[in-house]
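This report describes the fold of one chain and the surroundings of its ligand, followed by a few individual residues. The sequence and structure come first, and the description after them.

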Amino acid sequence: MRRRLSLGLAVVAVLAPLAMAWAHGVATGIVKERMDFMVTVGKAMEGMAKMLRGRVDYNPEVMRMHAATLASHGGERLTVLFPQGTLDPPTEALPAIWDDWSEFQVQAARMKVAAEAMRTAADNPRSTATSADLGLDAAGLAAASPDIVFRNLAATCQACHDKFRKEQ
Ligand code: HEC
């Protein structure tokens with residue numbers, strides 16, 4: 001039973017990137033541009049996660065590199081990729097983006113603030129706290145452990161996706 005389950009999970013893990021590659025292949029214009037943009041964002045987050053979970057050694061320099069990528073992909077650089085009504089398939093964007101544009105902008109700005117903070121926080125002591133201290137402001141983030149900053153950052157991805165991206 002256990003073996004079958006893990007095999008199933010392995011299959012899903014293999015197929016998900018394939019489905020993604022297919023979607024990127026058929027996407028065009030601004031939709032393709034922002035899907036590719038989000039993949040870059042996803043890879044930077046993965047790079048951080050690997051270190052924080054101990055799959056590779058923690059290295060503040062590498063953390064800062066990923067933070068710089070994420071900071072440059074937050075805020076307005078993200079929101080300009082969503083001109084009103086750009087919903088051509090295979091987009092996963094929801095029309096709610098333009099019904100609640102200011103909230104969309106807030107989430108994009110929060111992502112940038114958390115990513116910027118990681119450039120400082122990367123050198124802070126690590127923490128094993130399991131309770132997430134979410135919603136910190138820029139100063140709070142800069143003083144927090146990279147683990148907490150990462151959770152705050154991930155919460156911005158999640159909050160925006162929950163509202164504005166089709167369920168996966
Ligand atoms: C301000 C809102 C917002 C924020 C913040 C945000 N995303 Fe997204 N993301 C979206 C939307 C909307 C889509 C769907 C875009 C489309 O398909 O046109 C998306 C799509 C994606 C995709 C799928 C790309 C593909 O293959 O099509 C990934 C991966 C992703 N986001 C990762 C992240 C990560 C990681 C973060 C946090 C660091 C993040 N996003 C932050 C709105 C956001």
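## Overall architecture

Of the 168 residues of the chain, 34% count as buried. The model is a predicted one, and the chain in it holds eight helices and zero strands, so that read along the sequence the pattern is α-α-α-α-α-α-α-α.

## The ligand and its shell

The ligand sits in the largest pocket. The shell around the ligand has 25 residues, and those that come nearest are M38, T91, C157, C160 and H161. By residue class, the shell divides into 16 nonpolar, six polar and three charged residues.

Several helices take part in this shell, and each of α1 (2–26), α2 (29–52), α6 (101–121) and α8 (146–164) supplies at least two of its residues. Among the contributors, α2 gives the most, with seven residues.

Oxygen atoms of the ligand have polar protein atoms beside them, and the following table lists three such pairs, two of which involve a side chain and one the backbone.

| Residue | Protein atom | Distance to an oxygen atom of the ligand |
|---|---|---|
| H24 | polar side-chain atom | 2.7 Å |
| T91 | polar side-chain atom | 2.5 Å |
| E92 | backbone N or O atom | 2.7 Å |

## Helix α2

Helix α2 has 24 residues and, from its first C-alpha to its last, reaches 35 Å, which is close to the 34 Å expected at 1.5 Å a residue. Its buried residues are V31, R34, M35, F37, V41, A44, M45, G47, M48, A49, M51 and L52. Just after α2, the backbone at G54 takes a positive phi of about 80°. Most residues other than glycine have a negative phi, and most peptide bonds are trans.

## The loop between α4 and α5

Which residue of the loop between α4 (76–79) and α5 (96–99) is also one of those that come nearest to the ligand? That residue is T91, which is found in this loop and is listed among the nearest residues of the shell. T91 is buried, because its relative accessible area of 6% falls under the 20% cut-off. Besides the pair with the ligand, in which a polar side-chain atom of T91 lies 2.5 Å from an oxygen atom, a polar atom of the T91 side chain lies 3.1 Å from the backbone nitrogen of A93.

P90 is found in the same loop between α4 and α5, and the peptide bond from P89 to P90 is cis, with omega near 5°.

L94 also lies in the loop between α4 and α5, and with a relative accessible area of 23% L94 is partly exposed, because this value lies between the limits of 20% and 50%. Although L94 and E167 are 73 residues apart along the chain, their C-alpha atoms are separated by 9.9 Å.

## Residues in helices α3, α6 and α8

H73 lies in helix α3, which covers residues 60–73. At 9% relative accessibility, H73 counts as buried, since the value is under 20%. What does the side chain of H73 make a polar contact with? The partner is the side chain of S72, at 3.2 Å, and a polar atom of the H73 side chain also lies 2.7 Å from the backbone oxygen of T69.

T120 is found in helix α6. Is T120 buried or partly exposed? At 46% relative accessibility T120 counts as partly exposed, because buried would require a value under 20% and exposed one over 50%. The C-alpha atoms of T120 and A144 are separated by 9.3 Å, and these two residues are 24 residues apart along the chain.

T156 lies in helix α8, and its relative accessibility of 6% is under the 20% limit, so T156 counts as buried. From C-alpha to C-alpha, T156 and A108 are 7.7 Å apart in space, while in sequence they are 48 residues apart.

Terms used: Residues numbered from 1 in each chain as written. Predicted model: local features only at pLDDT ≥ 70, side-chain atom pairs only at ≥ 80, totals over all residues. Heavy atoms only, no water. Near = heavy atom within 4 Å. Polar contact = N/O pair within 3.5 Å; in protein donor to acceptor, adjacent residues only side chain to side chain. 1 Å grid on protein atoms, 1.4 Å probe; cavity = no way out; pocket = protein on both sides within 12 Å on 5 of 7 lines; lining within 4 Å. Sits in = over half its atoms within 2 Å of the grid points. Helix = DSSP H or I, 4+ residues; strand = E, 2+ residues; numbered from the N terminus. Nonpolar A, V, L, I, M, F, W, Y, C, P; charged D, E, K, R; others polar. Expected span 1.5 Å × (residues − 1). Buried < 20%, exposed > 50% of the residue type's maximum accessible area, 1.4 Å probe, protein only.
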